[in-house]
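Hi,

Here is the model I promised to pass on. Have a look at it first, and my notes follow underneath.

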Amino acid sequence: MADTDVLTGRRAFIRAAGTAVAAPVLSFGGGAFAAGAFAAVAPNGGSTADASFHSVVFPPPPLAKQPFQLLPTGAIKPTGWLRRQLQVQADGLGGHLDETWPDVGPDSGWLGGKGESWERGPYFLDGLLPLAWQLDSEPLKSKARRFIDWTLDHPWPDGMFGPRGNDDWWPRMVMLKVLTQFHELTGDARVIPLMTNYFVHQLQALPARPLRDWGRMRWQDELVSVVWLYSRTSDPRLLELAKLLQAQGYDWQGMFANFPFKAKVDPEAIKKEAGAGDAFMEDIGLQVHGVNNAQALKASPVWSQVSGKTADREAVHHQLAMLDQYHGLPNGMFSADEHLAGRNPSQGVELCAVVEAMYSLELALAITGDAAIGDRLERIAFNALPGTFTDDMWAHQYDQQPNQVESSLHRRPWTTNGPEANLFGLDPHFGCCTANFHQGWPKFTASLWMATADGGLAAAAYAPCEVATTVRGVPLRLEQATDYPFRQQVRITLHPESPVAFPLRLRIPGWSPRTAIKVNGQSVAAAAPGSFATVERSWKAGDTVELAFDAHPVAEAGFNGSHSFTFGALVFSLPIRENWVRWRKRGLTADWQVYPGSRWNYGVSAGARAVASEHALPVSPFAGPPPLTLAVEGRPVPAWKAEEGAADPVPAQPKAAVDEPATILTLVPYAVAKLRITSFPVIASPS
């Protein structure tokens, strides 16, 4: 019988092996911070470009109106379990990567050195920067500033910036995102002139040196920064650049309008179609690349800010529907290992795709105001994101599988990835995820609350946090106390400096049919599932809003009629006993293989019902012991086997073992189990 006891071996072994460097233990407490904490501080003794850099800025005309806008970076700070999770990241690779991985070390090209000079420095900073300020960590701020100061202090004479070793447009698209966040945090006077000069240079250079390869596929990521700058300068040349980027960029909306990739990618067919050269750097390869597709989820809504067209703004829903229908996985993601791989839950998804999909959805939610996008964002954030790391975040996978029965050097049924891809380690298979994973938790934190176009605030996603902002001219501090998604209650306390009337919009998850809302203990009307409830009143210090969501265990149908089980925003899995073997030491960390030590090939009956049980919330809820479990009856399916370390595709209506009794399977949150079965075959009825 499978049991949560199988989870203890991994933690004890990793602790005993001592692979992580000792790091100072910082307080996990989420203390209050003053509403005025974001007063401008002049960088390097200079003057700030804009004393209101910490204000919410909606795109001005002729850019299209949007219902929500992200608060400035730093306005939201984590508390409770979320702060502890960010501290785990800071104490692991998130805060020490530069000390053990040369690609972002002292010789980085983004520090003026001769080392790696492409995307890895900017990727690292894209998460390190918000993490440093969210934890108010001076050591992490210092690490981030070294890269940023070098970048801002060494522009090229023609307006380019960054290492002289390459002039690729793509890595600068990432660094621009870093600079926008840095300006929101500090008001640094160097940022806007550098971005303006760069965009002017690019506008002049693109006709002769157009977007290509990664930049062509990821043009929408730069458009985010172009819109950000236009919202602050109203420079009409930026609208010209926006239209040129879209014209040269790949037409993602067009591809999904008649989506041709309805099955697992065949690498040999792609090579044959592309002819000579590197097939996967041709359009036919890049358009089925998983990370490109994750980044493309923002393409249509971001472009709608320029075009003003409703069809552009809403096209993201069709993109998600196509990916779900043909490549969807139960953890909220789509398969892509490295390329689109169908719905078999033994296929993987790359960590870069996970964090990029989250960022795309965070922007899409602000631009569309669609509550369903918040549901998707939470499913990915609470399952796929933590499910691909060791508990201490000193190691990660390149590919994770919902049905992951072994993490080893066997060759799996990947589309194009290699045998290291699902090891836990420093840079398994390829180092892009090592550099890029850092943005996942910090940017999710920064997206929990958003400003609304009518002068209010919106709860876009739920996790414990504090917000410092200004609403209708009144400084406001907001506390959100919750153990969600492990519990279903949220308590919001507002502290305006003086009474102020504004609308508070609260996302009602699509899976919660009977959400209860109380204001100062009095019930108020909720909204339909999958929408936003609005509470509009004059708010005074100490007012409280309480939400109680209505989560129940749900069996969701999937590949070959399989069932996976959810409870609210959490996906549940059968944990497999884990035997961790250190493959090799990697500086401050190590690479690990994980082998199964218990049976995993179980099926469930049609109509099987799961029963939920709450347990004590641990310090790190994704590390175990599990704060919530589901119990469901299962039966062994002996014909379901594994080959080369991967579970065979979930069989359709297999027969259960006739000589073995049914057993109660204890399912745990997806991320708690590093070896797991998430999609179960539905057993054929006895004839």
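In what order do the seven strands of the open antiparallel sheet come? They run β2-β7-β8-β9-β14-β11-β12. At the edges are β2 (76-78) and β12 (522-524), each of which pairs on one side only. Direction ignored, neighbouring strands in this sheet are turned by 20° against each other on average. Within it, four bridges link β11 (residues 516-519) to β14 (residues 544-548), and the two run antiparallel. Lys518 stands opposite Glu546 in β14.

Before going on, some housekeeping. This is a predicted model, where local features need pLDDT of at least 70 and side-chain atom pairs count only at pLDDT 80 or more, while totals for chains, interfaces and linings use all residues. Residues are numbered from 1 along each chain as its sequence is written, and side-chain values use heavy atoms, with hydrogens and water left out. Helices (H or I, at least four residues) and strands (E, at least two) are DSSP runs, numbered from the N terminus. Two strands count as paired if DSSP finds at least two bridges between them. Angles run from 0 to 180 degrees between N-to-C directions, with axes fitted as lines to C-alpha atoms, for helices over the stretch in contact.

There is also an open sheet of five strands, ordered β1-β5-β6-β10-β13, with mixed pairing. β1 (68-70) and β13 (531-539) are its edges; each has a single partner strand, so one side of each is left without a neighbour in the sheet. Here the average turn between neighbouring strands is 30°, direction ignored. Strands β6 (residues 457-459) and β10 (residues 500-508) run parallel and are joined by three bridges, with Leu506 in β10 as the bridge partner of Ala459. Two helices pack on this sheet (contact means heavy atoms within 4.5 Å). Helix α17 (residues 351-368) lies across β1, β5 (449-452) and β13, at about 145° to β1. Helix α18 (residues 371-384) touches β10 and β13, and its direction makes about 60° with that of β10.

Next, helix α6 (residues 169-186). All 18 of its 18 residues are buried (under 20% relative accessible area; exposed is over 50%, partly exposed in between, with a 1.4 Å probe and protein chains only). At its N-terminal end, Asp168 acts as a cap, with a side-chain oxygen 3.0 Å from the backbone nitrogen of Trp170. After the helix comes Gly187, whose phi is positive, near 65°. The axes of α6 and helix α9 (residues 219-233) come within 8 Å and cross at roughly 30°. On the α6 side the contact includes Met173, Leu176 and His183, and on the α9 side Trp219, Trp228 and Arg232 are among the residues involved.

Finally, two histidines. His396 sits in the loop between α18 and β4 (399-400) and counts as buried, because its relative accessibility is 0%. Its side chain makes a polar contact of 3.5 Å with that of Thr434; such a contact is a pair of N or O atoms within 3.5 Å, where within protein one must be able to donate a hydrogen and the other to accept it, and residues adjacent in sequence count only if both atoms are side-chain atoms. His615, in the loop between β21 (611-614) and β22 (628-636), is partly exposed at 34% relative accessibility. The side chain of His615 makes a polar contact with the side chain of Thr629 at 2.7 Å.

Cheers
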